[in-house]
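Take a look at the model below with an eye to its rings and its empty spaces. We'll go from charges over rings to ring pairs, and then to the cavities.

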Amino acid sequence: MERSEAYCFSAAFSGAFLASCLLFSALSRQQRAPYMDEAFHVAQARAYCEGRFQQWDPMITTLPGLYLVSVGIVKPAAWLFGWSGSIVCSTGMLRFINLLFSIGNFYLLYLLFCRMHHKKAASGFQRILSTLTLAIFPTLYFFTFLYYTDTGSTFFTLFAYLMCLYGNHKTSALLGFCGFMFRQTNIVWTVFCAGSLVAQKLSEAWKAEQSKSNDQKNFAPKGSFRELMMAIRFLLEYLTSFKNLSTLIRLTWPYITLVMVFFIFVVLNGGIVVGDRSSHEACLHFPQIFYFLSFTLFFSFPHLLNLGKIVNFCHSVKTHILQYTILTVVSLFLVWKFTFAHKYLLADNRHYTFYVWRKIFQRHELVKYLLVPVYIFAGWSFTDALKSKSIFWNLVYFVCLFAATVPQKLLEFRYFILPYMIFRLNIPVPSTSKLFLEFILYLLVNAVTFHLFLNKPFQWPGSDEIQRFMW
């Protein structure tokens with residue numbers, strides 16, 4: 001790191017931490033008691049703090065990684081500073097754990113940008129601005145100040161991805177296990193780490209295979225359907241070789257071991273969810289992919305939405321009218337047969353998704369179908385942004401995206417955090433002006449979010465309890 005870049009990074013890091021501390025103080029003063037799911041998480045962490053490790057709240061559906069890490073930090077700190085009584089494992093102290101994770105996420109994002117976008121691809125200022133922007137990504141940043149699993153889950157997943165990129169696969173798998181202990185679905189991103197390693201080997205083999213042939217028929221335009229079919233055919237041929245398969249197993253055995261542990265857990269537990277399963281049933285909710293693409297189009301609109309993109313999309317539709325017609329018909333069918341509205345989505349007016357669903361999707365029965373062209377454009381722009389990655393990397397990513405979103409019946413923006421982060425890290429670093437626009441968007445969304453949470457509380461009829469708007 002050059003001296004000027006080091007100074008800029010230190011300034012951005014310090015400024016972000018100071019702003020977070022001020023927000024943390026404001027939120028803790030306004031909402032001292034545990035709010036919503038915090039009531040379960042804080043009570044469980046306190047039980048662990050008191051040594052009652054056999055106690056478990058059946059309403060909690062994730063593994064105890066958050067509580068174990070919290071106790072591992074708070075207990076030594078209490079002994080070191082002489083804390084006792086109510087301050088140990090208080091709501092504020094437990095929330096502060098996520099603030100520490102947020103600091104770690106900032107540094108990990110910077111390391112990831114440095115690893116993936118070297119000096120020729122991006123300047124030091126662009127990497128720092130990209131880091132600062134993603135560090136305040138609204139859906140994740142909000143939960144920095146509450147005792148939820150999202151910030152710690154993201155920390156361990158990003159750390160595992162960084163170690164994978166550096167080739168430390170045993171460490172990556174171990175960190176992936178930590179992420180799994182925060183949220184079971186993070187096993188998908190362990191598979192992604194293994195898959196990205198496999199994709200790298202496949203790309204090398206495919207380039208070597210293509211270089212041997214002078215036949216132009218063996219080449220296809222990048223990003224085309226023909227390239228996809230050729231890649232899948234090559235993949236099947238590659239994996240039928242025992243030598244190739246054994247090489248891949250030797251490379252990815254730490255991840256394979258963790259996936260085996262996951263399957264053993266699922267068998268012994270009788271499913272992925274621990275505790276209450278009635279509200280977390282898996283289903284084939286295909287429109288979740290469409291919601292994620294729309295979510296990404298909004299938060300990355302400086303990179304995905306401009307006049308040039310729209311013109312290129314229209315040209316692509318005109319050139320491949322048959323493929324887009326088939327895609328539209330399939331999308332309409334998926335929206336028709338596989339749209340689900342979870343009971344929480346319809347009943348809990350504290351979440352933004354409640355208003356998105358009521359104001360948009362419930363406005364008229366046809367709205368969900370009229371949005372299909374928007375989904376298709378979002379999907380095209382999304383894949384176009386990733387065209388710098390190999391076809392095999394894209395295959396791995398989209399399989400993992402499918403696995404992370406489609407089985408979820410509940411429309412919950414928090415489920416989109418990790419797939420969005422992986423996407424945003426892997427697109428080419430945009431121009432400084434686009435990064436500034438993205439940064440301003442995130443600042444504005446955060447300002448509105450915290451304003452609503454802190455200054456616009458409300459009460460339900462017949463209840464004295466204060467309710468607040470949140471993601």
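The ring of Phe 453 has the charged end of Arg 468 sitting over it, 5.5 Å from the ring centre. Keep in mind that this is a predicted model. Phe 143 has a similar partner: Arg 414 lies over the face of that ring, at 5.3 Å from its centre.

Now for rings that meet other rings. The count comes to 74 aromatic pairs. One of them joins Phe 9 and Phe 106, with centres 5.8 Å apart and planes at 55 degrees, so this pair is tilted. Phe 9 belongs to helix α1 and Phe 106 to helix α4, so the contact ties together parts that are 97 residues apart in sequence. And are these two buried or exposed? Both Phe 9 and Phe 106 are buried.

Phe 333 and Trp 336 make an edge-to-face pair, 6.0 Å centre to centre with 75 degrees between the planes. Here both residues sit in helix α15 (residues 321-338), 3 residues apart, or about one turn of the helix. Phe 333 is partly exposed because its relative accessibility is 41%, while Trp 336, at 52%, counts as exposed.

On to the empty space. There are 4 cavities of 30 Å³ or more, and the largest holds about 110 Å³. Its lining includes Phe 13, Phe 17, Leu 99, Ile 103 and Tyr 141, and Phe 106 from the tilted pair turns up there too. Helices α1 (3-30) and α4 (91-116) are the elements that give two or more residues to this lining. By type, the lining residues split into 9 nonpolar and 2 polar, with no charged ones.

Terms used
Residues numbered from 1 in each chain as written. Predicted model: local features only at pLDDT ≥ 70, side-chain atom pairs only at ≥ 80, totals over all residues. Heavy atoms only, no water. 1 Å grid on protein atoms, 1.4 Å probe; cavity = no way out; pocket = protein on both sides within 12 Å on 5 of 7 lines; lining within 4 Å. Points joined across faces, edges and corners; volume = space filled by probe spheres on them. Helix = DSSP H or I, 4+ residues; strand = E, 2+ residues; numbered from the N terminus. Nonpolar A, V, L, I, M, F, W, Y, C, P; charged D, E, K, R; others polar. Phe/Tyr/Trp six-rings, centres within 6.5 Å; stacked < 30°, edge-to-face > 60°. Buried < 20%, exposed > 50% of the residue type's maximum accessible area, 1.4 Å probe, protein only. Lys NZ or Arg CZ within 6 Å of the ring centre and 35° of its normal.
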